[in-house]
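Dear colleague,

I am handing over the structure we spoke about, with the sequence alongside. Please have it open while you read, as the notes below move from one place in it to another.

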Amino acid sequence: MATADPPPAAPQTLIGSVQRALRLLEAVAAHGEGAPAKQLAREAGVALPTAYHLLRTLAHEGYLRKERGVFVFGDAAERLSSSGARQSRRTMITDALRHWRDVLGVPVYFAIYRDGEIEIIAVADSPAAPAVAEWADFRETGHAHAIGQCLLSQLDEQARRDHLDRYPARSLTPYSVRDDRALLRRLRTVGRMEPVVERQEYALGTACAAFPVTIGATAAALAISLPIHQAEKLLPAARQLQEELGKLVGTLSFSISI
């Protein structure tokens, strides 16, 4: 004989103590200055002895802390909150890049230079317009791709040399820059706010363009890529994206705190 399904109000897979702890956390969230245990128990609909036990447990685990007789969020809860905010900001950035991927029909990349490293924040591509495969670590090969060259061009001379001390220029393809000296010469010729273009320097069969994005003091870049046989479309597409940059800066600036 078939077993009856459990009642919806009390599914067998739910754990009551976890539910009660979550109700208490929700009650704490409703009080910016915190609230005492008795008030939290009443608002969460939890028996006071149980509330005391759960609140002590949550405080022990760092999700709450007791200050002057009231409970407020602890470091663990704040870490969860900041992690959620980072995910939300990253989604906003990705959505903006996807919009321009669809408008231009090309993969769109956003990157920053942070703590001495090249960091790809987000990429928007599609099956019809795939991103360049990272066959060699982007962080270590900034000399060869347009994103890296654009970011390095925004640094001062000493910061560039420091980067190359850690990640020396080397040939990845027959078209790559040969050494640090040649790369530094090239970077000095990059015009302010001008797109940086590389053709098959990082990956054979691919051309890329990147241009600087001004977000405070952080070096940042937007970039696109195309198959080499479509390279004539690269600069017009990059300039179209650059002209629309004002609509993206507010969103992209969130990434600096990610």
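Before anything else, please keep in mind that this is a predicted model. I begin with a single residue, Gln-240, which lies in helix 8, the helix that runs over residues 234-243. With a relative accessible area of 37%, Gln-240 is partly exposed. Once its neighbours within four places in sequence are set aside, Gln-240 is in contact with Val-103 and Leu-104. The same part of the chain comes up again when C-alpha positions are compared, since Gln-240 and Trp-100 are 9.8 Å apart in space while 140 residues separate them in sequence.

For the protein as a whole, there are 258 residues, of which 43% count as buried, and the secondary structure consists of 9 helices and 7 strands. If one takes the contacts between residues at least 6 apart in sequence, 58% of them join residues at least 24 apart. The accessible surface comes to about 14,100 Å², and carbon and sulfur atoms account for 53% of that area.

Next, the region around helix 2. In the loop between helix 1 (16-29) and helix 2 (37-44) you will find Ala-35, which counts as buried because its relative accessibility is 0%, where the cut-off is under 20%. Not counting residues up to four places away in sequence, Ala-35 touches Leu-40, Val-70 and Phe-71. For Val-70 there is also a C-alpha to C-alpha distance, which is 4.6 Å to Ala-35, although the two residues are 35 apart in sequence.

Helix 2 in turn packs against helix 3 (residues 48-60), their axes coming within 9 Å and crossing at roughly 110 degrees. An angle between 65 and 115 degrees counts as roughly perpendicular, and therefore helix 2 is roughly perpendicular to helix 3. The crossing of helix 2 past helix 3 is right-handed. On the side of helix 2 the contact is made by Ala-37, Lys-38, Leu-40 and Ala-41, and on the side of helix 3 by Leu-48, Ala-51, Tyr-52 and Leu-55. Sorted by class, these residues are 7 nonpolar, no polar and 1 charged.

Helix 7 (residues 180-188) deserves a look of its own, as it has contacts with both helix 5 and helix 6. The axes of helix 6 (residues 157-166) and helix 7 come within 11 Å and cross at roughly 150 degrees, which means that helix 6 is roughly antiparallel to helix 7, the cut-off for that being over 145 degrees. Helix 6 passes helix 7 in a right-handed crossing. From helix 6 the residues taking part are Glu-157, Arg-160, Arg-161 and Leu-164, and they meet Asp-180, Leu-183, Leu-184, Leu-187 and Arg-188 of helix 7. This contact divides into 4 nonpolar, no polar and 5 charged residues.

Helix 5 (residues 146-153) packs on helix 7 at an angle of about 70 degrees, with the axes 9 Å apart, and this makes helix 5 roughly perpendicular to helix 7. Here, too, the crossing is right-handed. The residues that meet are Gln-149, Leu-152 and Ser-153 in helix 5 and Leu-183, Arg-186 and Leu-187 in helix 7. The contact of helix 5 with helix 7 holds 3 nonpolar, 2 polar and 1 charged residues. Leu-183 and Leu-187 of helix 7 therefore appear in the contact with helix 6 as well as in the one with helix 5.

Finally, a point about the backbone. Most residues other than glycine have a negative phi. Where, then, does this model have a positive phi in a residue that is not a glycine? One such residue is Arg-68, with a phi of about 50 degrees; Arg-68 lies in the loop between strand 1 (64-67) and strand 2 (70-73), and with a relative accessible area of 80% it is exposed. Another is Met-193, whose phi is near 65 degrees. Met-193 is found in the loop between helix 7 and strand 5 (196-199), and at 26% relative accessibility it counts as partly exposed.

With best wishes

Methods: Residues are numbered from 1 along each chain as its sequence is written. This is a predicted model: local features need pLDDT of at least 70, side-chain atom pairs count only at pLDDT 80 or more; totals for chains, interfaces and linings use all residues. Side-chain values use heavy atoms; hydrogens and water are left out. Helices (H or I, at least four residues) and strands (E, at least two) are DSSP runs, numbered from the N terminus. Buried means under 20% relative accessible area, exposed over 50%, partly exposed in between (1.4 Å probe, protein chains only). Contact means heavy atoms within 4.5 Å. Accessible areas come from the Shrake-Rupley method with a 1.4 Å probe; for residues, only the protein chains shown count as cover. Axes are lines fitted to C-alpha atoms, for helices over the stretch in contact, and angles run from 0 to 180 degrees between N-to-C directions. Angles under 35 degrees count as roughly parallel, over 145 as roughly antiparallel, 65 to 115 as roughly perpendicular and the rest as oblique. A crossing is left-handed if the near helix is turned anticlockwise from the far one by less than a right angle, and right-handed if clockwise. Ala, Val, Leu, Ile, Met, Phe, Trp, Tyr, Cys and Pro count as nonpolar, Asp, Glu, Lys and Arg as charged, and the others, Gly among them, as polar.
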